[in-house]
Structure formats: C-alpha cells, structure tokens
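Please look over the sequence and the model below before reading on. The paragraphs that follow go from one feature to the next.

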Amino acid sequence: ETKGYVTHFILYNSRPMFTIPQRFWMETVAMTGATFQYGDQLKVHGSFLGIKTSGEDPFGNDGTNNTFPVVELDQAYIQYKPFANFPFSITGGRQYIQIGDQFLIGDSIYDGFGQTRQGTYIAPRKGYDALRTEIDVAEYHFDSFFALVDPSWDAANKRDGYFGGLDVSRRFEDINGTYGISAFYREDANND
C-alpha cells in the first residue's frame, strides 16, 4: 500500500511579536510513503516528508533563500505481532506515538522541521525514534515506549536524552469516552 498528500498552509500575522510589520507566508508539506504487510504478524512502513516555507514568517525565517524543499524521514518502522490470536505487538523505528488527545505526547520535535528553519509553525514531523509495545488485556489497552529525545527538544541541541513511559486506557462505550492513566519520564545528560 502506498499513499501521499500535499498540503498548503497560508498564514498571515498582522502584528507578530507586537512590534514588527505584518507577515504573510506559506508552508507547503508533501508526504509519500509505503506499507508492506506480510501476513498478520509483520508490517514494515516507511514515509518521507518534504517541506518548503515561501515568504518570511514572524521569526524571520526566509524560506525563499532555500531553493529546494527540505526532505526528511517521517516514519520507518517494523511492527511484529508474535502471537496470531493475541493482541500484542512490538514496534521498533521511527513511528508516531500519540497518547490520548496528544496534549502531552504527540509531536516528536519542537518548533521547526528538524534542524532546519523550514515549517516553524506547522512542524509536520511527528515520528519518534522508539521501541514500543502494545497489549490489550480484558478491556484495557497498555501502551509502553522508550524513545530518544530529538535534538530540537534539547537546549544543547544534542541527541543525548531519552523519554519513556506507560499509558493504560479503557474505552467506555456507554459514555462514548476513554479514560486513561499514564506515567512518563525524561532524562538527558545535560539536565536541560
């Protein structure tokens, strides 16, 4: 299975930072990817993102100075389900980890697109470099992961930290809602 999309975000800020003149710019994202399924137990997925900022955003990032869009790996993972009739999976590689409504866990990078100054506002890359296990027991879903901290989240701009946790959730159909409880931990050598 292959898929792709192109999205244009047209942005306008009348008084960015309360002092500088108005700014009008566009951020364009293109994605292409493929998923290979081997039976019910093994899935391999890979996708790339390209992004281009046209015009100057309020931070002064002038995308017109970069002739070509920035291209970066979005996802590249292998998912293995060792038991055919039991809902347990192990996933390794760059993958989306979206817990609940993504208030705490959802974006793998901070502002900007990786180490570039393109796409500061929309920040389309969301994949974590992580190892993850998911299991369903009774009516509960257990989701645990261990991920490397992206340099954009580290004040020293290094990849020397890690982040992990466990989320336990349960869906209640009668109220059309899901409740969950989570515990997360982040560590890096710089303590920043």
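**Loops, cores and charge pairs**

At 58% relative accessibility, N176 counts as exposed, because the cut-off for that class is over 50%. The model is a predicted one. N176 is found in the loop that runs between β8 (161–172) and β9 (177–188). Its backbone is worth a look: N176 has a positive phi of about 55°, although the residue is not a glycine.

A138 can be read alongside it. A138 is not a glycine either, and has a positive phi of about 55°. The loop that holds A138 lies between β6 and β7. With a relative accessibility of 77%, A138 also counts as exposed.

From these loops, turn to the interior. Which residues make up the largest nonpolar core? There are nine: I97, I99, I105, Y128, A130, F145, A147, V149 and F163. At least two residues of this core come from β6 (127–137), and at least two come from β7 (140–148). F145, one of the nine, is a useful residue to select in the viewer. Leaving aside residues up to four places away in sequence, F145 touches I97, I105, L131, R132, F163, G164, G165 and F184. A second core, separate from this one, has six residues, among them L49, I51, V70 and I122.

Nonpolar side chains also appear on the surface. I90, L131, F146, L148, Y162 and Y185 make a nonpolar surface patch of about 560 Å². L131 therefore figures twice in this account, as a member of the patch and as a contact of F145. I90 sits in strand β5 (residues 88–96). Is I90 buried, partly exposed or exposed? At 31% relative accessibility, I90 is classed as partly exposed.

The charged side chains come next. Side chains of opposite charge can pair when their charged atoms come close. How many salt bridges does a search of the whole structure find? The search finds five.

One of the salt bridges joins the side chains of R94 and D129, with an N to O distance of 2.8 Å. Because R94 lies in strand β5 and D129 in strand β6, this pair ties together parts that are 35 residues apart in sequence. R94 has a relative accessible area of 12% and is buried, since the limit for that class is under 20%. D129, at 22% relative accessibility, counts as partly exposed.

Another salt bridge forms between E139 and R170, whose closest N and O atoms are 2.1 Å apart. E139 is in the loop between β6 and β7, while R170 is in strand β8, so the pair ties together parts that are 31 residues apart in sequence. That loop is also where A138 lies. R170 has a relative accessible area of 22% and is partly exposed.

R171 and E173 form a salt bridge too, the closest N and O atoms being 3.4 Å apart. R171 is partly exposed, at a relative accessible area of 38%, whereas E173 is exposed, at 60%. Finally, R132, E134 and D143 are joined into one network by salt bridges that share partners. R132 has been met before in this text, as one of the residues that F145 touches.

Note on methods
Residues are numbered from 1 along each chain as its sequence is written. This is a predicted model: local features need pLDDT of at least 70, side-chain atom pairs count only at pLDDT 80 or more; totals for chains, interfaces and linings use all residues. Side-chain values use heavy atoms; hydrogens and water are left out. A nonpolar core is a set of buried Ala, Val, Leu, Ile, Met, Phe, Trp, Tyr and Cys residues joined through side-chain atoms within 4.5 Å. Buried means under 20% relative accessible area, exposed over 50%, partly exposed in between (1.4 Å probe, protein chains only). Helices (H or I, at least four residues) and strands (E, at least two) are DSSP runs, numbered from the N terminus. Contact means heavy atoms within 4.5 Å. Patches are made of residues with over 30% relative accessible area and no salt bridge: like charges are joined within 9 Å, nonpolar side chains (Val, Leu, Ile, Met, Phe, Trp, Tyr) within 5 Å. Accessible areas come from the Shrake-Rupley method with a 1.4 Å probe; for residues, only the protein chains shown count as cover. A salt bridge is a side-chain nitrogen of Lys or Arg within 4 Å of a carboxyl oxygen of Asp or Glu.
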